[in-house]
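Me: I am new to this structure and would be grateful for a close look at a single part of it. Please explain in connected prose what surrounds that part.

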Amino acid sequence: MALHDKFGRQITDLRISVTDRCNFRCVYCRSADPENYRAKDEILSWPELYRLAGIFKTLGVRKMRVTGGEPLVRPGVEEFISHLRDLGVEDISMTTNGHLLSERCARLVSAGLQRINISLDSLDAAKFERITRTKLFASVMNGIDVVQASALAPAKINAVLVRGINDNEVQDFAVFARERDVVMRFIEFMPLDADHHWNRSLVVPAAEVHRRIHARWPLEEIPHHYSETARKYRFADGAPGEIGLIAPVTQPFCGHCSRIRLTADGKIRTCLFSKEDHDLRSLLREGAGDEDLVTYITSVVMEKEEGHRINEKDFHPPNRSMVFIGG
Ligand code: SF4
């Protein structure tokens, strides 16, 4: 079986948020004020997540990314990854803020994790603390070192660039990639922040990032699969490391979108910017059989949005911020 939408796009990539909790409070994601976390019983249990992962696998989903909030704050995530491996999921990855990686990396690798993305929005400890509202810079950097010495290397480092906050570090991040042999990915700031401070002037276009790095270290494009979100580059001088540019605002890639999301409270979001959620949890808890769930998921995916409409006049940010959707 395969999942398609009405535009003919096949859905092969599922992002699974296993928690809405996070110990970071990044300014481009969360509010300074405490959010209303979902009550524990609103969050999908591990048996429910195991079952849904199995059903999505039968529907042709090949890639599963474990996200949050911060996935490593929920006990049992390694066992869930082992379950995905045992299901035969081809590509198992995780997005994390990295602060627990030094002590968890080995267990994640033996559980079957294949790829990891670590958020790091500044190489300056003081600025990192201002962006994340934590004092965990050193533990994140340690986590990156541990990953680089593991089977998960090369680490993918995600930096969300916000004009006036960390856009002056573009070349420093490029040096970081060259010196540490990591994949340095620059993500355009998206209108998903809880405080709705996003506006276009805060976006650092991917083309500008490319220009600024290329001027100092010429870049060569690496061929990529059309459904991948990042445009990838190597350094023409042969230096280690890679540069990835993710440009959802200035160069939308919705036409080839192969992704849907499952939120921690059991809703399907067919697009990061969906205006509505589709309630899978209630169906599950009302005793729906696998066939009913398959029918529901298939019908929901058929109505997947064409794109995010960020550049349209009638665009309104979704009613969920990033921490309640997952990366
Ligand atoms: S914005 Fe929506 S449609 Fe576009 S790539 Fe992201 S998830 Fe897909």
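**Aromatic pairs and their surroundings**

Reply: Phenylalanine 186 counts as buried because its relative accessibility is 2%. The model is a predicted one, and the aromatic rings are a suitable place to begin. The structure holds six aromatic pairs. In one of them, phenylalanine 186 meets phenylalanine 173 edge-to-face, with 5.9 Å from centre to centre and 75° between the planes. Phenylalanine 173 belongs to helix H6, residues 170-180, and phenylalanine 186 to strand S8, residues 183-188, so this pair ties together parts that are 13 residues apart in sequence. Phenylalanine 173 is likewise buried, at 0% relative accessibility.

A further pair is formed by phenylalanine 273 and phenylalanine 315; it is edge-to-face because the planes stand at 65°, and the ring centres are 5.9 Å apart. This pair links distant parts of the chain, since phenylalanine 273 sits in the loop between S13 and S14 while phenylalanine 315 sits in the segment after H9, 42 residues apart. Phenylalanine 273 is buried with a relative accessible area of 5%, and phenylalanine 315 is buried with 13%. Elsewhere, ring pairs join Phe24, Phe128 and Phe137 into a cluster.

The loop that carries phenylalanine 273 also holds glutamate 276, between strand S13 (267-269) and strand S14 (278-279). Apart from neighbours within four places in sequence, glutamate 276 is in contact with Ile268 and Arg269. Its C-alpha atom is separated by 15 Å from that of alanine 264, 12 residues away along the chain.

The segment after helix H9 (290-302) contains lysine 304. Lysine 304 is buried and yet has no salt bridge, the nearest side chain of opposite charge being that of glutamate 305, 5.4 Å away. The side chain of lysine 304 does reach backbone oxygens: that of arginine 259 at 3.0 Å, and that of threonine 270, which lies 2.5 Å from a polar atom of the lysine 304 side chain. Beyond residues up to four places away in sequence, lysine 304 touches several others, including Asp5, Phe7, Ile11, Cys257 and Cys271.

Of these contacts, Cys257 is itself buried, at 10% relative accessibility. The cysteines form no disulfides, for a search of the whole structure finds zero. In the case of cysteine 105, the closest cysteine sulfur is that of cysteine 22, 19 Å away, which is too far for a bond. Cysteine 105 is also buried, with 2% relative accessibility.

Definitions and conventions:
Residues are numbered from 1 along each chain as its sequence is written. This is a predicted model: local features need pLDDT of at least 70, side-chain atom pairs count only at pLDDT 80 or more; totals for chains, interfaces and linings use all residues. Side-chain values use heavy atoms; hydrogens and water are left out. Helices (H or I, at least four residues) and strands (E, at least two) are DSSP runs, numbered from the N terminus. Contact means heavy atoms within 4.5 Å. Buried means under 20% relative accessible area, exposed over 50%, partly exposed in between (1.4 Å probe, protein chains only). Lys and Arg count as positive and Asp and Glu as negative; His and the chain ends are not counted. A salt bridge is a side-chain nitrogen of Lys or Arg within 4 Å of a carboxyl oxygen of Asp or Glu. A polar contact is a pair of N or O atoms within 3.5 Å; within protein, one must be able to donate a hydrogen and the other to accept it, and residues adjacent in sequence count only if both atoms are side-chain atoms. A disulfide is a pair of cysteine sulfur atoms within 2.5 Å. Rings of Phe, Tyr and Trp (its six-membered ring) pair if their centres lie within 6.5 Å; planes under 30 degrees apart count as stacked, over 60 as edge-to-face and the rest as tilted.
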